[in-house]
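The following note is offered to a student who is beginning to read structures. Please keep the sequence and the model in view while going through the points.

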Amino acid sequence: MGKHEPINIKKEIFNSGKFHPGKISLQYTVCNKPNCACKDKLTPKKHGPYYQLSYSLKGKSRTRFVKPEDVEKVTEYINEYHRLKSLISDLSEAYVNHFKDYGWDYDPEQV
Ligand SMILES: [Zn+2]
C-alpha cells in the first residue's frame, strides 16, 4: 500500500483544507479626481498597489479585491487548490495504471 494507491490519494483529498482557484496580482489604478498625482503627465503616481484575485469559475472569469491582511490566507487557499488539482491528477494516473495492470474489475478499496 504505497502512496500511489488510489485509496491513499482519496484519503489525502478527503483531509484537504479550504481552497480557492485563481491567482493574486498587484494592480495600480487611476482615479477620477482632476489634477491628482495619478494623472501627472510626466511622473504619474498611480494609486495602489491593490491585491486583485482573478479566477475562472464554470467558464466565467471573475475578479475581486483582497484586503492586504487577507493576502497570506488567500495565498494558502490558492496553494491548496493547486495541491488538490495535483492529487486529482495523481488519482487519475493511479486508476489508469491499476486498471491496466489488474483489469477492469480491479477494486482499489479491497486491496
Ligand atoms: Zn488619483
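1. In which sense do strand β1 (residues 23–29) and strand β2 (residues 47–57) pair, and over how many bridges? They pair in the antiparallel sense, over six bridges. Strands are DSSP runs of E of at least two residues, and helices are runs of H or I of at least four, numbered from the N terminus; two strands pair if DSSP finds at least two bridges between them.

2. The model is predicted: local features need pLDDT of at least 70, side-chain atom pairs count only at pLDDT 80 or more, and totals for chains, interfaces and linings use all residues. Residues are numbered from 1 along each chain as its sequence is written.

3. Two residue pairs illustrate the contact of β1 with β2: Leu-26 has Tyr-51 as its bridge partner in β2, and Lys-23 stands opposite Ser-54 in β2.

4. β2 also runs antiparallel to strand β3 (residues 60–66), joined to it by seven bridges. Here Leu-53 stands opposite Arg-64 in β3. The hairpin of β2 and β3 has two residues between the strands, and Lys-58 takes a positive phi near 50 degrees there.

5. Helix α2 (residues 71–102) has 32 residues and should span 46 Å at 1.5 Å a residue (1.5 Å times one less than the number of residues); its end C-alpha atoms are 46 Å apart, which agrees. Gly-103 follows α2, with a positive phi near 95 degrees.
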